[in-house]
Amino acid sequence: MNEFHYTSYAQEVIFGPGSLARLSEAIDRFGGRRVMLCSSGSLRRDGSIAAIESALGERLVAIYERTQSHVPDFQVAEALELAEQHEVDALIGMGGGSPLGLAKAVSFALEEKRGEVAIPTTSSLAQPLVPIVAIPTTYAGSEMTPVYGVTREVDGVARKLTVTNAKITPKLVIYDPVLTLGLSPSLTASTGINALAHCIEALYSITRNPLSTAAALNGIRSIMHALPRCYSAGDDLEARTEMLAGAFLAGTALAHVTMALHHGLCHILGGTAGVPHGIANSIMLPHAMRFNLDATAPQLLGAAQAMGIPLADRSVETAVEEAVQHIYDMVGQMNLPQHLQDVGVQEADLPRLAQLAFQSRTVQSNPKPITDAAQIEEVLRAAW
Ligand code: NAD
């Protein structure tokens, strides 16, 4: 890591139990007068959407509250139409990665429609026309990143296509652990493993830097300490707070580096095979780590140590293998599926999924070069 290229994004992050109460004054500071909320049904049912309605009053001019997982493109069109009808000047994404992704997609589409000044889209200094406020209620991490994914049919196959642009990085993030108290054990566990996966792939990322590594190691410590407690006692506010801080660190690491084989595979499994994102992460993470182990053991030793696994007088590879097994066991202890065949993936589809993954830019950024789709198929077979 003698050389690195680090991009930071201007973001305000408000973290702490009860911090949702600070939304109204933060929106005023941002100058939002006509705000639209993107969310999903569970947040209506648990009263979180009602809390936003009462906090913002007339400033909340539209709500799109039926976001589906993996953000199908027809929903982007519907939400965009609503945003245009109401001439919104700010968007809130509240919920898991999907409503946050929808808010990003709408902001980006409005940018394209309303934009008059040509701003180089690659500049990390570019400011959005319609800024995003993110209120995450899972541990998926999208609130910190300049990326969104939308699922659409390409050549008859459903694909999750991602867009990366500094402008869609949420400007304000409100992390309120109280909003996560009702997250089911299964969503807690699976989106928590997604956060862990961000840390793991940040550690061996080909674009890692000292800050992403520091965030990832501290994220692993918090997640490994807090996630089992959140799983077994969802109403433990202290554990929920530590876990959300871990997700913040994981999202921070994710935002600043390139992901690799694991994330590329999870995108294919989600977009094309319909596997929920957290579940795909839970099944694939140990297998992707094992595939990369011989090339990344020195980077992953820190992860093992952050999990409380000492090097002792063993080889680095042996200690990291213990960490991989520990993650696999933890996934099982939290009653998450551990095989692709348990979540509807057909064995006959594995070669096609491997081919699609082989074309993925994220997969091609893997620290251990992947030169043949057969290598990916082997990883998928091990997970099947
Ligand atoms: P999700 O947003 O699809 O939500 C899954 C389920 O959780 C939904 O049914 C939702 O209603 C429910 N839910 C959310 N919060 C809840 C709460 N507090 N209580 C009860 N139920 C709640 O799933 P996710 O795993 O959060 O996000 C996955 C999506 O985000 C994928 O599309 C993935 O590609 C994307 N993602 C993007 C990034 C990025 O950087 N852009 C990062 C991570 C994930």
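**Sheet, arginine and cysteines**

Student: How many bridges join β5 to β8?
Tutor: Bear in mind that this is a predicted model, where local features need pLDDT of at least 70 and side-chain atom pairs count only at pLDDT 80 or more, while totals for chains, interfaces and linings use all residues. Residues are numbered from 1 along each chain as its sequence is written, and side-chain values use heavy atoms, with hydrogens and water left out. Strands (E, at least two residues) and helices (H or I, at least four) are DSSP runs numbered from the N terminus, and two strands pair if DSSP finds at least two bridges between them. β5 and β8 run parallel, and the number of bridges joining them is two.

Student: Which residue in β8 stands opposite Val133?
Tutor: Val133 also turns up on the other side of β5's pairings, as the bridge partner of Ile92. Towards β8, the residue opposite Val133 is Leu172.

Student: Which strands stand at the edges of the open sheet?
Tutor: The six strands are ordered β1-β8-β5-β4-β2-β3, with parallel pairing. Two of them have a single partner strand each, so one side of each is left without a neighbour in the sheet. Those edge strands are β1 (12–15) and β3 (60–64).

Student: At what angle does helix α8 run to β1?
Tutor: Axes here are lines fitted to C-alpha atoms (for helices, over the stretch in contact), with angles from 0 to 180 degrees between N-to-C directions; contact means heavy atoms within 4.5 Å. Helix α8 (residues 237–256) lies across β1 and β8 (172–175). Its angle to β1 is about 165°.

Student: How far is Arg159 from the nearest side chain of opposite charge?
Tutor: Arg159 sits in strand β7 (residues 157–164) and is buried, meaning under 20% relative accessible area (exposed is over 50%, partly exposed in between; 1.4 Å probe, protein chains only). Lys and Arg count as positive, Asp and Glu as negative, with His and the chain ends not counted; a salt bridge puts a Lys or Arg side-chain nitrogen within 4 Å of an Asp or Glu carboxyl oxygen. Arg159 has no salt bridge, and its distance to that nearest side chain, Asp155, is 7.0 Å.

Student: How far is the sulfur of Cys230 from the closest cysteine sulfur?
Tutor: A disulfide is a pair of cysteine sulfur atoms within 2.5 Å, and by this rule the count comes to zero. Cys230 counts as buried, at 1% relative accessibility. The closest cysteine sulfur belongs to Cys199, too far for a bond at 15 Å.
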